[in-house]
Structure formats: C-alpha cells, structure tokens
Amino acid sequence: MTATQHKHINLQTDQLTVGYFNAKELTPVLENISIKAYAGELICFMGPNGVGKSTLLRTICNLQKPLSGSISIEGIDINQLDAQAMAQAISLVLTDSINAGNLTAYELVALGRYPYLGWNLKVNDTDQNKIDHAIAQAGIESYVRKKIYELSDGQLQKVMIARALAQDTPLLILDEPTAHLDLNNRVAIVNLLKKLARDENKTIIMATHELDLALQSADKLWLAGYNKPIIEGIPEDLVLNGSIDEVFQLKGYDLKTGTLKKESMGRKVNLSGSGHTYLWTKNALERNGYEIDTLALTHITIDDETNYWKINKDVTAHTLEDLIKQLNQTIL
C-alpha cells in the first residue's frame, strides 16, 4: 500500500456534477468529478478562467447544490450536515473585500470560534486556546491588536487564514488567496499553507493561478479544463505526462525546465562553470538569443572565485551585462 492509502480521507466526491439551475434547464460546468482529498495535503486547484473552479468550491461548501452526484466530509454526506455542522467541517477564505467595521485583527480571528459558542456567545478556555494557537500558527502576533483597516493586503490575508484556523475544521478551502499580493506575500502565504497542512494534518484546497508556486509547493494538483474531467496527481507527474500543457495550452513556457522558452538567434557559445552563477549566466545568454553548445568555438568560462567571465580566455567581463555586450561585438 502507498503512503497516501494510509491517510485519512477528509473529502470525497462521487460522480459529482456542478453547475447552475434555471427555469428551463440545467447548465453543467464540471461533470463526473470523483476525487479524494487526504489529511495533511495542500491541494492546488487550477484551470483557465471561467472553467468552474469557484462553482466547485461553492458546491463543496454547500453554498449551492450539485446537479448530481455526492460529496462527503469525513465519510458523512454533506446533505446530512446542518449549518453548524458544516461550519465545524469546512472553513472558507475568499478574496472578497470584507467590511469589518472597527474590528481588530484579534476580534476577527476570534469570530472563527462562532460555530462552537453557546447561546450566550461566551468564549471558554478551549476557545481561547484555539484562538491563541491560530494566531501563533499564522504568525500574526505583531499586528493582532491593529484595526483591520490598518493592515496591508498580505497581513489581512494571514488574519483571514488565522480566523479559518481558529474555526478548527478538517477542511480549509481558499479561493485565490494570493490574488493581488506581491511576490513576497504570495510566497509567504503558500509556504504558510504548506506548513499548516503538514503540522495541523488538515486538508487545504487552494484555487490559484500561481502555477510556478503550485508546482513547487503543492502535494497534489487538481486540473480543470473545458469539457474535460478533473485530473488529479502530484505536480511532477502532471508535468511529465503532459496534463498541464493540455489544460493550459501554455505558450512560451517550458514546463520541463520551468523556464520561459527563449528564441534563439542561431548564435552558439560553449559555457563552463557551476552553481548559481552558471544558471544565471545560462539564463542571460539564452534570453539574449545565444544557444549553449559544447562544440561552439566561442568558449565562456566562469571564474568561481572572482565571479568574472572569460571569453576564449583572453577577454574578461566583470558583469553579465558586460559579457553580453562583449559577445554582441565579437559574434555576428
């Protein structure tokens, strides 16, 4: 048996079809979805715009009804769960702007305990521990007493994740959590979600367009294409078997190497070196139309001690910009 087969299944769908009802007909968006999500997994749900990712997530959260098929959480059909039980099973983080009024970040996180509170809404020791643990896990201690309107987009997203953690559900679903964030915050959010899935043994499903981050961080990908069944698997398998290329029809991006496809001008150089300097030198050369060829007459050698470059052992370049200029002058 594989390691995955020993894991607990938090979410399962069977022949699920999602879409919309209107007065005259049903409009399916994604059909015949039979997938499993295990505890401890970060799953990135990907596909072109308008393919139905948000529709599936809303259906899983029971915010709209499926056209057919079933959804179960920890083995229980969601039709058997009332609103309170659903809130204790799934926590949801959306990208919609929130109107938190004058709430502090702490107060917003504490709202995650609402499904567990009695009629008097009194927070007990268990609730307090869950709130404190969520704040620590999300790493928001330094600004937890600030007002929501005082937070940056990245800080607010972490607060929303902390609120979902305080809700203490086996499933955490996020719809485009890195949208509108800068690179540092996108990486921080994905790394946080990866850590939470592992450390808290939760199933975290994230709809995203961040293909580069998903390929490096996700335990599983769900790929949704137009008029295609959802494909699931680990990122590397879906790269190698062509599934990602088939769904996204990527132009100008080489998934096998994880780089942009660069247009060659037919100019060839032989490059010797190692490490990061070699990789960025190769990138600069290819971006400027040079092919790396061990049989090329022009030989570039990287001096790892000085980070200088030698062209045919007699011309020295002190920067990559200088190297490209020297090559442009000597290779026609």
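The buried residues of helix H7 pack against a varied set of elements, namely strand S4 (42–46), helix H5 (125–138), helix H6 (153–166), strand S8 (171–175), strand S9 (203–207) and helix H8 (211–217). The model is predicted, and the mean pLDDT of its protein chain is 87, with 92% of the residues reaching 70 or more. The points below take up helix H7, then Thr208, then an aromatic pair, and finally the confidence along the chain.

**Helix H7**

- Helix H7 covers residues 183–200, and because 18 residues at 1.5 Å a residue should span 26 Å, the 25 Å between its end C-alpha atoms agrees with that expectation.
- Within H7, the residues Ile189, Val190, Leu192, Leu193, Leu196 and Ala197 are buried.
- These buried residues cover an arc of only 155 degrees around the axis, which means that they lie on the same side of H7.
- On the face of H7 that is turned away from this buried side, the exposed residues are Leu183, Asn184 and Arg198.
- Just after H7, the backbone at Asn201 takes a positive phi of about 55 degrees.

**Thr208, in the loop between S9 and H8**

- Thr208 lies in the loop that runs between S9 and H8, two elements that are also among those against which the buried residues of H7 pack.
- Thr208 has a relative accessible area of 1%, and it is therefore buried, since the cut-off for that term is under 20%.
- A polar atom of the Thr208 side chain lies 2.9 Å from the backbone nitrogen of Glu210.
- When neighbours within four places in sequence are left aside, Thr208 is in contact with Cys44, Phe45, Met46, Glu176 and Thr178.

**The aromatic pair**

- A search of the whole structure finds 1 aromatic pair, formed by Phe45 and Trp222 in an edge-to-face arrangement, with 5.9 Å from centre to centre and 75 degrees between the planes.
- This pair links distant parts of the chain, as Phe45 belongs to strand S4 while Trp222 belongs to strand S10 (residues 220–223), and the two are 177 residues apart.
- Phe45 and Trp222 are both buried, and Phe45 is also one of the residues in contact with Thr208.

**Confidence along the chain**

- Among the elements of the protein chain, S9 has the highest mean pLDDT, at 96, whereas helix H1 (residues 3–6) has the lowest, at 48.
- Over residues 1–5 the pLDDT stays under 50, and for this stretch the model has 4 contacts beyond four places in sequence.

Note on methods: Residues are numbered from 1 along each chain as its sequence is written. This is a predicted model: local features need pLDDT of at least 70, side-chain atom pairs count only at pLDDT 80 or more; totals for chains, interfaces and linings use all residues. Side-chain values use heavy atoms; hydrogens and water are left out. Helices (H or I, at least four residues) and strands (E, at least two) are DSSP runs, numbered from the N terminus. The expected span of a helix is 1.5 Å times one less than its number of residues. Buried means under 20% relative accessible area, exposed over 50%, partly exposed in between (1.4 Å probe, protein chains only). The arc is that of the directions from the helix axis to the C-beta atoms. Contact means heavy atoms within 4.5 Å. A polar contact is a pair of N or O atoms within 3.5 Å; within protein, one must be able to donate a hydrogen and the other to accept it, and residues adjacent in sequence count only if both atoms are side-chain atoms. pLDDT is the predictor's confidence in each residue, from 0 to 100. Rings of Phe, Tyr and Trp (its six-membered ring) pair if their centres lie within 6.5 Å; planes under 30 degrees apart count as stacked, over 60 as edge-to-face and the rest as tilted.
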